[in-house]
Structure formats: structure tokens, C-alpha cells
Amino acid sequence: MKRIDVQNQPKLSSGRIFQIAVTGVKYRLFRAMVTVAVIVVAMAFLMNILTESLIKRAVADSVREQIEDLHRVDRWIARLSIPQSAEDILTQIAKAEWPSSYGEEISAMSGMSMDALKAMQPQAQEAVQYLRFFENLDYGRLRVLVGPVESTRIFERLQTERGWHQFSTSLADMRTVRLPLPLEQFQAFIEGWDQLDAFIDVVREGQTRAIEQVHEAIGDQPVVEALQDADGAFGQTIRAAGFALDPEEAASLVQEVRRMEQTLLIEGTINIHGVRQAVAAERDILPGDVTMPMIWRMVRSRDRAEWFLGVLQENQVDQGGLTPETLTMIARQRAHARLLAVAEQQTMEAGGGLMNIGTRMTWLAFVSMLVCAVGIANAMLMSVTERFREIATLKCLGALDAFIMTVFLIEAALLGLVGGLGGALAGFILAGTRMAVTFRSLLWQAFPWNEILVAGLLSIGVGMVLAAISAVYPSFRAARLAPMEAMRIE
Amino acid sequence: MTDTPAHMPLSEPEDVVSRRVIIRAVGMQKVYQRGEEITYALRSIDVEVYTGEFIVVMGPSGSGKSTFFNMIGALDSPSKGRVFIDEVDVAQLTAEELAFLRCRKIGYIFQSYNLIQYMTALENVTTPMAFGGVMPDEARKRGMDLLDLVGLSDRWFHRPIEMSGGQQQRVAIARALANQPSILLCDEPTANLDHHTGDEILAILQRLNKERGVTVICATHDHRMMNICDRLMWIRDGNIERIARRDEVEVEVGSIE
Ligand SMILES: Nc1ncnc2c1ncn2[C@@H]1O[C@H](COP(=O)(O)OP(=O)(O)OP(=O)(O)O)[C@@H](O)[C@H]1O
Ligand SMILES: [Mg+2]
């Protein structure tokens, strides 16, 4: 005769649980395709955003200097023509690292000592923080707080009693607006603004003097032309006026000014009848259809460049010292510069936010993740619900609630893994292709392999976690019911 | 645990000392409610089942047999009343204790088999063993023996969808025997079997009952069962219509003839 003495059911080892879960998954993988597909789509979306943003940021980082170089001549023309704005001065002082060439330049022009400059740095840094704060406000709020002024004018306005009163009372009403530093500190800063303002004036006066000095030296000659001699006498003049111009920079300047002239020269040739006709004959089109981009594309090859220079010679056009090699190089650099321009425009919002992909992108990734979470939760809910009968049977056979939940968790995580892997791959390929088309040669030198790997792992992880979390609730609901109650739900 | 070959007088218990009640239902009721509509699957059931008994439950379709099984097998909770298994109130058991009871002490053969679709016949049979902590190798061996017992050892690797109804039913029977239960609850165990296989299954049930003292409760329309049972129970409209010993019924059958 069998007696019954009731004990506690022992727990299974995690190895056994895993084994049972894997058996189930293997059998059901095909049927779970829909769930996996949802996860793939969701994670591909996330990975696409991440990859695209990471590539944009990496490209932005790698071309920043090249873009700066692109504007080198313009920058120098500006420096040699007008003093800097107060905001620019503050920004550069704030970020200066001593010894700083900028500091030396300012010191040489204004006659202030380096120590005096260094002493201004903390105040300048504070000023920059406030300027950023005002810059990031929307127009309406800015108007309410400080009226129709901007940049450092704001500080001047706040020095008046009325201005400060308006500012402090309006700020108290705005709950979501926070000053970067305490209000008392800002007030102290405003009171001390005169000092900083005077300092800026001294700097600007120094710059004005230096500019005047340079202009006296060149007379009526345009600055661009004068810059052709930046590595010679004109360079000396600039340096004598106090500008920091190292020989390397001077050499590049000279070269670039030359390029600019040569470029202008080539662009002018399209108006010469003989050249137009020669190009048209060569391309087998009408002379009227010849365009400048067409010529630039043509001379990217050395043979064509040589031919083109030959055409110029035949038409007795000055070749400005161009050799086929330099012409080819200029043409290629133009193409590269266009690519850089695209990159500059495409990567404007890079930086900040999650993994430095930009705040807008972080927000987008977050929203997409929410959408994904809902999709995955729905898919998991359905796939667990259709298996309530199985859960009930397992309970009839003596499975513990924890076992059932663990099995479903492992299953969901595995589905998440497969889906996440597929999604990460799909998203990567999609974004990679798109970015390759946009950035072309700029992409490969900057490709952020490591970060993209991290992003891939992140997507897979997110897929697994989302799937697992979505499986917890329905399996918990089913597991804690009496077996036959679970079997009745359908 | 086979203390005494449980062959006892088949009458209602006069001798309380020698007979233990293994399952006791007191005022057991089950109500299904769906919105306004209320179904009484069981109205009020009072019954005592003794250790080592073989009981056959009969009744028309929809009379509440399966519901009765679920209640006394601790698979569902009654709406009213109590169920005692070996004098322990099922409602008082913890989740772990319930799992233990379902795993080792009670074997279920469901009317709809309820096999796990993604498992092979053997895996289905060894799953309760795994839950009971039997090592995989040992479980395989025992599982093959059980499949052999129901005549399916050559099909151990088949999944339920690859098997006929009768074969699935036999896997379900093997699974119910996995942990050598003290109580066997069978909901129409021979419904899908041919005459010959049915006989074999009946022989297995009878042997378990006589040799190992397993308490067998069996819902069936199969009249062969009447020959091997100790008591018969008729359920109609959620009530026990009648309980009788086999000899009493045989007398009636004889008198009719
Ligand atoms: N989930 C449910 N919801 C509502 N009513 C139910 C539910 N399950 C069973 N019933 C009802 O309970 C009654 C008893 O059902 P049960 O399955 O116990 O019958 P049965 O005797 O096993 O019948 P059969 O011989 O056909 O298997 C039936 O009238 C049925 O309609
Ligand atoms: Mg039934």
C-alpha cells in the first residue's frame, strides 16, 4: 500500500533548465519567426540610427581639420580686416591652454602681460557659460528675459536696474529654465562685467592697431593678393604687427592663394570660344552645352589635364604656371572639397547625447526603442499566450512556477539574441551603405569600427532584454495559476 | 513502497482500521462563470476513495467527469468544498508541495493527452522524472522501459504530431507512470485504442493496482473496465448518482439477464 507524504518539490539545476529551454526553442524556432522578425525590424531600426550617427560623428571628427584648412584663406582675410567680436575673444580666452599662441598674439597686440590674460580666464569661462545659456533659449523666452539684445549686449543690459529686475522676476516664473550657475554668482558676474568689457575693448583696440599697421604696409593692394607673399616680406609685416603666423601656416597660405587664382583662371576659360569648341568637339556635344563641372571632371585625369592645357596654349591663354599634375590635383581637391562640404552639412548635429550621436538622434533612438518595445511585447505576449496549454501541462507534471518562468525567459532571450543579431546586421548594412554613398572616400578613413561594434552589442542586448521583459509578465500570469485554470485561458 | 499487496474485501469499509482513505472530497462544487451564464460542472460531491482501490467513473458526456478528476487531482481548485489527499487539505499546500504531489504521487492520463508537442515520446515520458530530480541517464532507461510497457519502444523518437491518437494515448499512459505514482487518475484511457491494445492497457492498470497497490480512478465508457474494478461510480449533471461495489452490480446485471 502506497503512502503519501508531501514534501517540497526540489529545484532543477540551471543546466537542466537551459537544456529543456533549448529543446523547445530548437523545435519552435521556425514558428517563432514572426516574433524574431519583429525584433529584427526593431533592432535594425535602432542599429541604423546608431550606426549612421556614429559614422557621421566619426567623419565630422576626421574632417574637422580639413574643413578648417578649406577656410584658411578666408579666415586670414577676416583676421587681417576686422577685429574679433567680443564673443569670439571670450571663447578663445576661455579655452586657451597656456602657453597659448592666441594669448601671445593678444599680448603682443594689446601690450597686456600674459599674467593679466591668464587672470581673465576664469571670468571669460563664466561668461561663455552664460552666453551658451542665452544662446540655447528659444527666442520667446530670451525676449522676455532680456529684451531684443543678444550676445554680450545682454550683460550690458542686465547692468541697468530695470534690465536686472525684468530678468530676475521673469526667471523666477520660468520653472524649466535653469541658470548654469547660482543666481547670486550671476549677479556678481554682471556687476563685474565692466572689468571684462574693458578688457575686451583693450584686446580689440590692439587688434585694430595691428590691422591698421598691416593695411598701411600694403596700401591699396587687396589682402588676398598680398597673401601670395605670406612666406616673404608680407609675412614679416604680419608678424611685426603681432599676428601669430608660423612658417608652415604661411607656406600653406601661399599655396592656397595660388590655387584660388589658378582655379579662377580655369573657370574663366569657359568663356573663351576656342576652348569651349575644343571641349565640345572632344566630348562630342554642342559648345553651348559645355559646363564648368564637366571640365573639372574631365581634368581629374592627368591625360585630359595635359590635353586641356594644350588647348589653352593653342588659344594663347595664360596657363598661370599650371602643370598637368597641379591641374589634376586642383580638380581632385575640388571634388574632395565638395565632399567635405557635404560632410560639414551632414554632420552639423553630431555630438552630445548617447554615445555622442547628438541629442536629436538620442531622442529619436529613444522613441524608436519605445515603439520597438511595444512591438516586441506584443509579439512575445502572443507567443506565450498561445502556449498556455503547454505551461498548464508542465505544471500538471510537477514543474515549479520558477522553472516555467525561467524557461520562458531563456527562450525569449534566445529569440532576442537571434533577432538582435539579425537586426544589428541589417541595420549596420543599411546605414553603412547609405553613409558610403554620402561620404564616399571620407568614410573609410574614419570608420568607427569599435563604436559600431559597441552599438551592435547594445542593440543585441536591448533586443534580448526587451524580449525577456515582455515574456516575464504573461509567463508569470500563466505560471501562478492552477494548471487547469491556465489551460482554460485561450 | 509495497507494504501489503492491497487485496482487501471490496465492500464499503466496515473495518476502518485496515482501510485508509486516500482521497476525500467534501461538498465539492465547481461553477464555471462566463459573464451572466453560470454552469454547474459539479454540484456537490462527497466521496471517499480508499488506498489500493480501483474505481471506475461512468457518466454521460458533459456530466462532470473530467472536472471531478481535475479537482481530486489537485489540478484545479473547487468553487466550494474541500479535497483531502491522504488527509491533507489540498488548499493548505504550498506551491512547492503541490508540485511535489503532482509530480510524484499522482499520475494523470488526460482525455486530450496533453503531450508536449515539441518533445519526442521519450522526452515526454522523462519530463516528470526530470522535475522529480532523476538523473538524465537513469530517466532515459526508465523511460524506455515504460515505453516498452505500452508497446512503443520503437517509436521513442517520434513527436506527438507524428503519432496516431492511440499511440499518443499510450505515451500519455507511460508518462503518467513515470514517477511510480500512488494514485493514477485516468480520463478515458482506452477511448482511442483498438480492442487488443485496450486489453493490454487494462492489464497494465490492473497489475499496477494489484501488485503495487496503486489507487486507480478511471473514467470510461469501456465495459471491460467493469470486470477489473472494485467499485463503480456514476456521475450525472454534476452529482454522484450512485456508487456501488462490483459484486452488487454484477448481481443486477445477472438478474437482468
Ligand atoms: N471552462 C469551462 N467553462 C464553462 N463550462 C465548462 C468549462 N469546462 C467544462 N464546462 C462544463 O462543465 C460540464 C462538465 O464538463 P466535463 O468536461 O467535466 O464533462 P465530462 O463528463 O468530462 O464529459 P466527457 O465525457 O465529454 O469528457 C459540462 O457541462 C461543460 O460544459
Ligand atoms: Mg471529460
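Q: What makes a residue part of the lining of the largest pocket, and which residues lie nearest its centre?
A: In this predicted model, 26 residues line the largest pocket, and Arg75(A), Arg79(A), Gln84(A), Gln92(A) and Tyr102(A) lie nearest its centre. On a 1 Å grid over the protein atoms alone, a pocket is an open set of points with protein on both sides within 12 Å along at least five of seven lines (a cavity is a set where a 1.4 Å probe fits but cannot get out), and lining residues have an atom within 4 Å of a point.

Residues are numbered from 1 along each chain as its sequence is written, with chains lettered from A and ligands numbered from 1 in the order written. Local features need pLDDT of at least 70, side-chain atom pairs count only at pLDDT 80 or more, totals for chains, interfaces and linings use all residues, and side-chain values use heavy atoms, leaving out hydrogens and water.

Q: How do you know that Ser66(B) and Gln111(B) coordinate the magnesium ion (ligand 2)?
A: Ser66(B) (OG) and Gln111(B) (OE1) lie at 1.9 to 2.2 Å. Donors are N, O and S atoms within 2.8 Å of the metal (3.2 Å for Na, K and Ca), so both atoms qualify; water is not among the atoms, so the site may look incomplete.

Q: Why is Ser66(B) called partly exposed?
A: Its relative accessibility is 26%. Buried means under 20% relative accessible area and exposed over 50% (1.4 Å probe, protein chains only), so Ser66(B) falls in between.

Q: What makes Gln111(B) partly exposed?
A: Gln111(B) has a relative accessible area of 42%, which therefore also lies between the two limits.
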